[in-house]
Each structure stands twice: as structure tokens, then as C-alpha cells.
Amino acid sequence: MPLYIIAFVGFIEKVGKNKVELEIFNKKKIIIDINLIKIIILSLFSILLLFLIPSLTSAFVLGMTYLIVATVKILKSGEKKIKNILKLFAIPFILTIILLTSITTGPYIAEKILISFKPELDAAGSGWEGINRKIIINSANLFGEAEDMSNAIELFDEGTSEAFISILAHYGWIPSIILVATIILISIKLIINSIKVKDSYGKILIIGISCLFILQSIFNVLQNLNLWIEASFELPFVSYGGTGLIINIMCLALVLSIYRRKDIQIHTNASTEEKNYKITIA
């Protein structure tokens, strides 16, 4: 996902600088932005690949990151902000309506989503983990193991998407609250860092990388508290090691490297940067 974000930011920074004008039958003129087409292709292709893995949570987080980055870019532009934002959210909104419609027609999927919030509806089936989370939440101490561990040792592992509830079960509310506070402070720090960066590309790149950390962290905590749909959202730097940990460290190093050069602003000559072409179809 970080590589997709880097490519996406690179294309979105060049929107409007590489246009093709199509003149059809010497009458109608159509202006096509090449970089905008690249953005659409990259977005759809990358999300589709994650769906095919399948990794629905990654596709969801990446799609939301694309929307946030594009919205920030539009807000930074000087004109037609509301109109462009409405255009941006039109396609995802339509696709979401279609997806929700298909979900509601499938009783099994709709029931599974409902059980994510009310596990008592299927206590002996798919709601069993949610029931055990509730038991841990209700019996957790300030420090140390919860009074009623039930099946927590077998169910919840710190190396999976159940990292937060596992920490709550084994170490108590105080360490869990400290973890949430740390996540919030890191998220605020990342946002502040992006505001201080003067270079436009570096600013938007920090926002894109930060969204990966912030969104995954929020959804993981909510999921572990039975406040979100049952899924495999990971908690960065906590849920897993290996390749995932290395990628997160590299992303954080990239953010810090950009912030280190926050006072540097690269100026480009617009006349040499823009490439406009005219194609006439007789």
C-alpha cells in the first residue's frame, strides 16, 4: 500500500500539467488530463488487486486514503472546491450504495455484520468471539489479567488483529488506555508534521502515509471493542512482526525524513512543467 500511495501522490501533484485537447470534426473540443486518467487507472487497479488477494480491509483502507489525499489536494487548489469534491465522492458513493444493496439482499452477510455489533444474536456461532470480548471488557482490571479470562488465551493473540483486546485481557485497562493515548498522540503529531512541511508534494505524501497508520489503528481498536464490523484490521507496530513491521518502520522513516526537510520548498517553472497537446480528429 505505501508504494501505491507514493505513486498516487506523484500523479495527483501533476494534475493539470499534461493535457490533451481532442478536436472532433472541427467542432467539439474535449480536454483530457493524462495524469487524471493515470490516477483513475491506478486507483481502480490497485484496489481491485487487493480485492483479488483477497484483502478487503486493505482495499478499504487504501480507498479511504485515496479519497482523503484527493480531498486535501482539492482544498489546496484555489477554485471550484465544492464542485470538485462532489465529483470526487460521487463514484465511491454510488459504488457504496450498490455494495450495500447487494449486501442487504444476502441475508448471511447482513446477519454477520449485525452480529459484529450484537454478538448475542449468535452466541454459539460467529458471535462467540464477540461474546468473549465482552466478557474481557466487563471483567478487566486496572492492572493485570482480567478476572474472567474464559477463552482469551486460545482466542486472542497479540500478534494478530486481536492485539488490543489481548493487551486488555493480559495487562489491564491502564496499559490499554496508555496504548490508545499513544496512538492518538502519534496521529496528532503526524498531522502537525504535515502542516509544517512547506513543499506541496512532501505535505501530501505525509498525509497519505499517515492515513495508513491512523485508519488502521482506529478501526482495529473499534473492532476489538465490538464497535465496528468484524474484520482483520491490524494495529501498526503491535499486531505483527516480520515484513509488516519492516514496511511500517520504512514508512515512518520516510515521514521523518520529509519532516526533517520541512523548510525546503522546491519551485518549478510552470512553463517547462506543463505539457499540452492538441489532436484533431477530422
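**Figure 1. Phe60 and its aromatic partner Phe233.** Phe60 has 35% relative accessibility and therefore counts as partly exposed, a class between buried (under 20% relative accessible area) and exposed (over 50%), computed with a 1.4 Å probe on protein chains only. Phe233, at 5%, counts as buried. This is a predicted model, in which local features need pLDDT of at least 70 and side-chain atom pairs count only at pLDDT 80 or more, while totals for chains, interfaces and linings use all residues. Residues are numbered from 1 along each chain as its sequence is written, and side-chain values use heavy atoms, with hydrogens and water left out. A search of the whole structure finds seven aromatic pairs; rings of Phe, Tyr and Trp (its six-membered ring) pair if their centres lie within 6.5 Å, and count as stacked with planes under 30 degrees apart, edge-to-face over 60 and tilted for the rest. Phe60 and Phe233 form an edge-to-face pair, 6.3 Å centre to centre with 70 degrees between the planes. Phe60 lies in helix α3 and Phe233 in the loop between α10 and α11, 173 residues apart; helices (H or I, at least four residues) are DSSP runs, numbered from the N terminus. Ring pairs also link Phe60 and Phe233 with Phe219 and Trp228 into a cluster.

**Figure 2. The stacked pair Phe213 and Phe237.** The two rings are 5.7 Å apart centre to centre, with 10 degrees between the planes. Phe213 is in helix α10 and Phe237 in the loop between α10 and α11, so the pair ties together parts 24 residues apart in sequence. Phe213 is buried at 8% relative accessibility, whereas Phe237 is partly exposed at 37%.

**Figure 3. The two faces of helix α2.** Helix α2 covers residues 34–52, and its end C-alpha atoms are 27 Å apart, in agreement with the span of 27 Å expected for 19 residues at 1.5 Å a residue; the expected span is 1.5 Å times one less than the number of residues. Its buried residues are Asn35, Ile39, Leu42, Ser43, Ser46 and Leu50. Seen down the axis, they fall within an arc of 100 degrees and so line one face; the arc is that of the directions from the helix axis to the C-beta atoms. The face turned away from them carries the exposed residues Ile41, Leu44, Phe45 and Leu52.

**Figure 4. Surroundings of Phe8.** Phe8 touches Ile39, Leu42, Ser43, Tyr66, Val69 and Ala70, not counting residues up to four places away in sequence; contact means heavy atoms within 4.5 Å.
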